[in-house]
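Student: I would like to go through this model with you step by step, beginning with a single residue and working outwards. Could we take one question at a time?

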Amino acid sequence: MSRRIDQNTVKLRINGIQLEVPEGITILKAAETNGVEIPTLCELQGLTPYGGCRLCVVEISGTTKLFPACTTPAASGMEITTHSPKLFEYRKLVLQTLLAERTHICAVCVANEHCELQAQANNHGVDHVMYERNWSCEEVDSTHDFLVIDRNRCILCTRCIRVCDQIEGAHTLDLKLRGKNTNVIMDQDQKWGDAKSCTSCRKCAKVCPVGAIYIEGEMIELTKDRDIAAFLTKRRNRQK
Amino acid sequence: MITESKVRLATIWLSGCSGCHMSFLDLDERLVDLAKKITLVHSPIADIKEFPENVDVTLIEGAVANEDQKAMLVKARSRTKLLVSLGDCAVTGNVTALRNAWEHSDQAVLKRAYADQSNKNPQIPNLVPKLLVHARPLHEVVTVDHYIPGCPPNADLINYVLTELLAGRQPVMEGRSKYG
């Protein structure tokens, strides 16, 4: 049997289908380029993967552990399952813990019906949250001229932080503390209005999957732009 | 699951805005078909004081916010075969539960509503049912069989769930329900 030796590709199976993908890409990318859609929330094209939300977990044969598709590199010989009843239940569980963690009340949220968390909950048939909710009372900061952050709606996906750092290059936003006390902060945990490094570029509001960061007085569907990071990355690479 | 020729249906209005009942009435002409299949045994739109025994399906709107509502819910559960959370307040707590973010929110809302706003002889009424510390979704108090989320839930969704339940089938919510 002759085998083509190509150092730059790996052979693996996704949902039983044999694929050959470039070496070094993630399972998520490998699945996407071959038409397999894995649900994601914290992942955003054009930004580095974070692996925080755990919605994209997949099964790999030979281990009972679940792996996040967005951060796990595709390796030779992997047999990956992206959709199964078990994974569906785990994803439902992830969504419910996200909804239980903070005060997500869609009826009074600017992002109602334009929210990725809500959309994923709908896709997964999450019709209630089985956990007792946390009823958080986090700080709302509207000191900026037009950008507002309501931390009660934040799912800590860090998209805003990554787009601020990697695309805008300002790194105004970051996280403080750990566990359930984690929160998005501006500069040295200052009010947004006092954060001098903020360029008011609005990218954080554009990529926020929920209604945590929004622009005052602007319809959320006009603010949201999921493709902004990928678009700018592509443009910049072309200019080089 | 439900064998009798006419299904005994009840609806209850707890801490909600009645929007879910309005949405239920938005079934419009489908109500005529529904009326052939059910007997409405208890509802805010049918003046029956006591919650009856042997109810097949109970739709409950609103969160559980006070002791009376809690007792009502427990009674309804013990007398109902299938209990359905109708709308976001029943499913998540929704606007009713916004007060939960405050510490001692039961006292805080009463103080805000009756004392802080009054400059003449402010007093907190003691005749109203005692508020629970937290407004809660139904399934945190009793077992709930089905959920119809939405604020308010779409009439088509209410119709779908009722049709399925009356036919003895399990409603499938994936891709159908709208969370929140």
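Student: Leaving aside its neighbours within four places in sequence, which residues is Ile213(A) in contact with?

Tutor: Bear in mind throughout that this is a predicted model. With a contact taken as C-beta atoms within 7 Å, and with neighbours within four places in sequence left aside, the partners of Ile213(A) are Leu147(A), Ile149(A), Cys160(A), Cys204(A), Ala205(A) and Cys208(A).

Student: Which helix gives the most residues to the largest nonpolar core?

Tutor: The largest nonpolar core has 66 residues, and Cys160(A), Cys204(A) and Ile213(A) are those with the most contacts inside it. The element that gives the most to this core, with 5 residues, is helix H4 (residues 159–167) of chain A.

Student: Where does this core lie with respect to domain 1 and domain 2 of chain A?

Tutor: Chain A is divided into domain 1, covering 9–83, and domain 2, covering 89–239. Because both of these domains give residues to the core, its place is between them.

Student: How many residues does each domain of chain A bring to the contact?

Tutor: The centres of domain 1 and domain 2 of chain A, taken over C-alpha atoms, are separated by 25 Å. On the side of domain 1 of chain A that touches domain 2, the residues divide into 10 nonpolar, 4 polar and 1 charged. The contact itself takes 23 residues from domain 2 of chain A and, from domain 1 of chain A, 15 residues.

Student: Turning to chain B, which strands stand at the edges of the sheet, and why is one side of each left without a neighbour?

Tutor: In chain B, 5 strands form an open sheet with parallel pairing, in the order S2-S1-S3-S5-S7. Each edge strand has a single partner strand, so one of its sides has no neighbour in the sheet; these strands of chain B are S2 (38–42) and S7 (146–148).

Student: What angle does the direction of helix H3 of chain B make with that of S5(B)?

Tutor: From one strand to the next, the twist of the sheet averages 25°. Helix H3 (residues 67–78) of chain B packs on this sheet, where it touches S1, S3 (55–61) and S5 (80–86) of chain B, and its direction makes with that of S5(B) an angle of about 135°.

Student: How many residues of chain A are in contact with chain B?

Tutor: The side of chain B that touches chain A has, by class, 10 nonpolar, 9 polar and 4 charged residues. Chain B has 23 residues in contact with chain A, and the number on the side of chain A is 20 residues.

Methods
Residues are numbered from 1 along each chain as its sequence is written. Chains are lettered from A and ligands numbered from 1 in the order in which they are written. This is a predicted model: local features need pLDDT of at least 70, side-chain atom pairs count only at pLDDT 80 or more; totals for chains, interfaces and linings use all residues. Two strands pair if DSSP finds at least two bridges between them. Helices (H or I, at least four residues) and strands (E, at least two) are DSSP runs, numbered from the N terminus. Axes are lines fitted to C-alpha atoms, for helices over the stretch in contact, and angles run from 0 to 180 degrees between N-to-C directions. Two residues are in contact if their C-beta atoms, placed from the backbone, lie within 7 Å. Domain bounds come from an automatic or database domain assignment. Ala, Val, Leu, Ile, Met, Phe, Trp, Tyr, Cys and Pro count as nonpolar, Asp, Glu, Lys and Arg as charged, and the others, Gly among them, as polar. A nonpolar core is a set of buried Ala, Val, Leu, Ile, Met, Phe, Trp, Tyr and Cys residues joined through C-beta atoms within 7 Å. A residue is buried if 20 or more other C-beta atoms lie within 10 Å of its own, exposed if 12 or fewer, and partly exposed in between; C-beta atoms are placed from the backbone.
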